[in-house]
Amino acid sequence: MRDLKNKLTSSKNSKNIQNRRGKSFGYQVLGFGAGGGLSGYSVDFLVIAGGGGTSRDNGGGGGAGGYRASFNSEASGGGGSSETALQLNSAITYTITVGGGGATGGSAYGANGANSSISGTGITTITSTGGGGGGSRTESQKDGRDGGSGGGCSYNSGGDAGAGTSNQGFAGGGSGDDDSPAGGGGGAGQAGKNAGASQTGGDAGNGGNGVASTISGSSVTRAGGGGGGGLSGNAGLAGSGGGGNGGNSDDGVNATANTGGGAGGGGNNSTTGSTGGSGVVILSMPLVNFSGNTTGSPTESDDGTTKRLIFNGDGSYTG
């Protein structure tokens with residue numbers, strides 16, 4: 001009897017041990033799912049920084065704000081490939097920063113645009129670099145400034161166009177011979193154009209074109225470069241995507257807000273340059289996963305499947 005009792009007890013204990021192990025394993029799986037992001041979802045993005053400003057009196061065109069994208073395999077700026085979407089679960093808040101456009105520099109070169117970004121705990125921060133300001137007629141500041149896309153070189157030869165940032169935008173355009181007009185600002189999709197070779201009949205450079213995206217539900221082109229300021233020939237035209245036209249004997253044109261476009265350079269004897277366009281951040285996610293937790297009053301839309309948030313200013317989204 002003693003042996004039988006021991007046998008039964010051993011069998012019972014073995015069963016209990018197996019059950020405890022099984023439950024323990026089950027809890028580990030559930031815990032991993034809750035804290036490890038297995039229940040998370042993908043959030044696509046478009047992040048465009050503010051465009052560069054320009055100077056008066058033959059200013060180079062402003063460079064477009066840096067352009068980074070992950071949606072639907074669409075290209076990023078500067079000929080870069082589409083990036084990887086962000087992964088979000090309920091523990092993450094995305095902080096959205098939208099960069100302003102660069103101010104006019106007056107007789108100095110235009111100011112660079114401000115950066116735009118998405119940041120949050122547990123994610124790699126996505127930062128787009130502000131567009132480069134256009135060069136000025138002042139000898140020491142005739143070079144276009146580096147940025148997301150580069151600013152155009154101002155009137156006169158010997159200056160350099162601003163460089164763009166890899167996978168965000170292209171370089172600005174240069175100037176030609178002595179007394180030639182200004183180069184255009186670089187765009188997200190194309191470099192700014194060089195100015196004509198001489199003052200007599202020489203045209204200022206056009207801004208580089210931007211890049212189109214359908215992340216907002218329809219195709220919209222953004223982040224075009226600004227046109228260079230003219231002398232005797234034609235002023236430079238803006239690239240597609242919100243840039244401003246250059247002036248001829250008048251001021252350049254401000255870039256369009258929330259496109260990241262570069263400003264148009266002031267023309268010969270103009271009194272002021274112009275300002276770059278502010279940036280924008282757009283998020284796209286499955287509608288079923290949208291939490292409704294936002295700040296900053298983004299513009300919201302959906303098509304019954306996909307939710308879209310357009311941030312024209314700073315804000316946040318929490319999963």
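This report describes the overall make-up, strand pairing, cores and selected residues of one protein.

**Overall make-up**

The structure is a predicted model. Its secondary structure consists of 1 helix and 13 strands. Read from the N terminus, the elements run α-β-β-β-β-β-β-β-β-β-β-β-β-β, with the helix ahead of the strands. Of the 319 residues in the protein, 49% are buried. The accessible surface comes to about 13,200 Å², and carbon and sulfur atoms account for 46% of that area. Contacts can also be sorted by how far apart the two residues lie in the sequence. Among contacts between residues at least 6 apart in sequence, 52% join residues at least 24 apart.

**The open sheet**

An open sheet is built from 5 strands in the order β6-β5-β4-β13-β10, and the pairing in this sheet is antiparallel. The edge positions belong to β6 (126–128) and β10 (293–295). Each of these edge strands has a single partner strand, so one side of each is left without a neighbour in the sheet. On average, neighbouring strands of this sheet are turned by 10° against each other, direction ignored.

Within the sheet, strand β4 (residues 93–97) is joined to strand β13 (residues 315–318) by 4 bridges. These two strands run antiparallel. One of the bridge pairs links T95 with S316 in β13.

**Strand β1 and its partners**

Strand β1 covers residues 41–48. Buried residues account for 7 of its 8 positions, and the strand is mostly covered. β1 pairs with β3, β9 and β2, as the table shows.

| Strand paired with β1 | Bridges | Sense | A bridge pair |
|---|---|---|---|
| β3 | 3 bridges | antiparallel | S42 and Q87 |
| β9 | 5 bridges | antiparallel | D44 and S284 |
| β2 | 3 bridges | antiparallel | L46 and A69 |

Residues of β1 thus appear opposite three strands: S42 stands opposite Q87 in β3, D44 has S284 in β9 as its bridge partner, and L46 is matched with A69 in β2.

**The nonpolar cores**

The largest nonpolar core holds 20 residues. Those that touch the most other members are Y94, I96, I118, V281, L283, M285 and Y317. Two or more residues of this core come from each of β1, β3, β4, β9 and β12 (306–311). The most is given by β1, with 4 residues.

M285 is one of the residues named for this core. Leaving aside residues up to four places away in sequence, M285 touches Y41, S42, V43, F290, T305, T306, K307, L309 and Y317. Among these contacts is Y317, which is also listed with M285 among the core residues that touch the most other members.

A second, separate core has 13 residues, including L46, A64, V211 and I215. L46 is the residue whose bridge partner in β2 is A69.

**A buried serine in a loop**

S149 lies in the loop between β6 and β7 (211–213). Its relative accessible area is 0%, so S149 is buried. The side chain of S149 reaches the backbone nitrogen of F170 at 3.3 Å. Apart from residues up to four places away in sequence, S149 touches G63, A64, G131, G132, A163, G164, G169, F170, G186, G187 and A188. One of these, A64, is also included in the second core.

**Two residues with positive phi**

Most residues other than glycine have a negative phi. N72 and A223 each have a positive value.

N72 has a phi near 55°. This residue is placed in the loop between β2 (67–69) and β3 (86–88). With 57% relative accessibility, N72 counts as exposed, because exposed means over 50%.

The phi of A223 is near 65°. A223 belongs to the loop between β8 (220–222) and β9 (280–286). Its relative accessible area is 0%, so A223 counts as buried. The two residues therefore fall on opposite sides in terms of exposure: N72 is exposed, whereas A223 is buried.

How values were computed. Residues are numbered from 1 along each chain as its sequence is written. This is a predicted model: local features need pLDDT of at least 70, side-chain atom pairs count only at pLDDT 80 or more; totals for chains, interfaces and linings use all residues. Side-chain values use heavy atoms; hydrogens and water are left out. Two strands pair if DSSP finds at least two bridges between them. Axes are lines fitted to C-alpha atoms, for helices over the stretch in contact, and angles run from 0 to 180 degrees between N-to-C directions. Buried means under 20% relative accessible area, exposed over 50%, partly exposed in between (1.4 Å probe, protein chains only). Contact means heavy atoms within 4.5 Å. Accessible areas come from the Shrake-Rupley method with a 1.4 Å probe; for residues, only the protein chains shown count as cover. A polar contact is a pair of N or O atoms within 3.5 Å; within protein, one must be able to donate a hydrogen and the other to accept it, and residues adjacent in sequence count only if both atoms are side-chain atoms. A nonpolar core is a set of buried Ala, Val, Leu, Ile, Met, Phe, Trp, Tyr and Cys residues joined through side-chain atoms within 4.5 Å.
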